[in-house]
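Hi everyone, thanks for making time. I'd like to walk you through one structure today, so have a look at the screen.

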Amino acid sequence: MKKLFEPRYVEIGSQFLGGMGVLVVDGDIVEVGSVAELVANHPDAERVDWSRYALLPGTVNAHNHSFQSLIRGIAADEPFLVWRDEALYRYSPCLDAEMIYNGALFAFAEMMLNGVTTVADFFYIHDGGTQNDEAVIQAAKDLGIRFVMARTMYDWPGAPQSYQERIDDALRRTRELAIKYQGNQMIAIHPAPHSPHAASPEMIQAGHRLAKELGTPYHIHVAEEMFEVEEIIRDHGVRPVHFLDKLGVLDESMIAIHLVWLADAEIALLGQRKASLAYCPSSNMFLADGITKIPELLQSGVNICLGTDGACSNNRINVFEEMRMTSLLQKVRTLDATCIRATETYAMGTRHAGEILRLPIGKIEPGYRADFVALDLDDLSLHPSSPELLLSHVVYSMQPTAVKRVVVGGRVVVRDGELQTVSNERVRKAIAAVQARFQAIAR
Ligand SMILES: [Zn+2]
């Protein structure tokens, strides 16, 4: 399959350039250059007229909990621990593999319609096996979204039973899944010890060791809420980042989620050790967590990507939205409109995520996967129209109505608001089926 995409503009190096084509062969970008030359050199390529569109990399949602889409709206406007107990802990124990599949279908479908082409799902309802994990993977496969399973390793006994695993079981199951999908271009498995408050020190070290063995990064929630920091200080005598350093797991393989409550020394240490952050600004606002110090973390050398977190703590799941939220929230925190630029938050939602997840995604460049979106240049949210203003518009003014095509691995998976793999109607039915089960449980 050889396709030549011919958009009005292509984003390359944070600039939108005209007259350029993108040649895709078997799901990868193989050449980017002038349309005239590409047509002359590849007369056999199928030409795709995107003259009304701007082409840019698909966005990467580096942190989500797909099943949480099913409980969106429940316990909104409540304090974090009330939200956790009434939404998460109440509903997640009754989810079986089919409901989890439906939840993943819902979450991934909505993201794809918003221009997400890769998602990392931090998944923890294992229920003593890998059947639920496979259900989530199946939903990603059916929809055609690129997928990273951050397979959670959880042994805090205060959580629902279905989350908890013994260390040896968590290790074995995560390793088996990772080996099963090794070499699969669409699916990767990363270890994800839940957090310093919900995984034991031994579980965290086991997750870190397994990531080294597999050659992957590992994901971990760190310092989202103030109470977590207080607990770690009470139990271990040091702040969370220093605690993780003492465990020997603070290095370039760490993808920390949140990092809201950090002391200056922790920010410096994260940079020194080349750790990464998956930043979820909307979720931090929704749950009243606090504000992560993004310019300071960037300054210290921490690489940053973006996540939506679960749809019941956001409640939109759209990475373009997180770019905007990142910029606005940091500007108001620092009272400095220059503290972060649209080009930086745009990079966090695209190519930095590729670097952090160690996948060839997030850039329109030969050697990268053909994952991209087409934005409708006629959409009023992208006006006044000019290639110089377009990147700023993408971050600050664009509405989801502008996303007209979504392509993953060279395949069009969204066309004019309709999924091309699983129908929108099928997704709505999947959601309704779970709702009916929830109502039966509530009765
Ligand atoms: Zn999370």
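I'll go from the domains to the core, then to one helix and one residue.

First, a caution: what you're looking at is a predicted model. Okay, domains. The assignment splits the protein into domain 1, residues 2-57 + 372-408, and domain 2, residues 59-357. Their C-alpha centres are 30 Å apart, and the contact between them uses 13 residues from domain 1 and 18 residues from domain 2. On the domain 1 side, the elements giving two or more residues are helix H15 (390-396) and strand S15 (403-408). H15 has the largest share there, with five residues. And what's the chemistry of that side of domain 1, by class? We get eleven nonpolar residues, two polar and no charged ones.

There's also an annotation to mention. UniProt, in an unreviewed entry, puts "domain: Amidohydrolase-related" over residues 55-413. In the model that span is 42% helix and 18% strand, and its end C-alpha atoms are 15 Å apart.

Now the core. The largest nonpolar core has 142 residues, and the ones touching the most other members include Leu 105, Phe 108, Met 112 and Leu 143. Which helix gives the most to this core? That's H3, residues 97-113, with twelve residues. Both domains take part too, since the core draws at least three residues from each of domain 1 and domain 2.

Let's stay with H3. It's mostly covered, with 15 of its 17 residues buried. Its length checks out as well: at 1.5 Å a residue we'd expect a span of 24 Å, and the end C-alpha atoms are 24 Å apart, so the two agree. After the helix comes Gly 115, which has a positive phi, near 95°. If you look at Met 112, and skip residues up to four places away in sequence, you'll find that Met 112 touches Leu 143, Ile 145, Val 406, Val 413, Val 414 and Leu 419.

Last stop, Val 422. You'll find Val 422 in the loop between strand S17 (418-419) and helix H16 (424-442). Is Val 422 buried, exposed or partly exposed? It has 18 other C-beta atoms within 10 Å; buried would take 20 or more and exposed 12 or fewer, so Val 422 counts as partly exposed. Beyond its neighbours within four places in sequence, Val 422 is in contact with Leu 105, Ala 109, Asp 142, Leu 143 and Val 427. Leu 105 and Leu 143 should ring a bell from the core.

That's my tour, thanks.

Key: Residues are numbered from 1 along each chain as its sequence is written. This is a predicted model: local features need pLDDT of at least 70, side-chain atom pairs count only at pLDDT 80 or more; totals for chains, interfaces and linings use all residues. Helices (H or I, at least four residues) and strands (E, at least two) are DSSP runs, numbered from the N terminus. Two residues are in contact if their C-beta atoms, placed from the backbone, lie within 7 Å. UniProt positions are given in the numbering used here, feature names are shortened, and annotations may be inferred rather than shown by experiment. A nonpolar core is a set of buried Ala, Val, Leu, Ile, Met, Phe, Trp, Tyr and Cys residues joined through C-beta atoms within 7 Å. Domain bounds come from an automatic or database domain assignment. The expected span of a helix is 1.5 Å times one less than its number of residues. Ala, Val, Leu, Ile, Met, Phe, Trp, Tyr, Cys and Pro count as nonpolar, Asp, Glu, Lys and Arg as charged, and the others, Gly among them, as polar.
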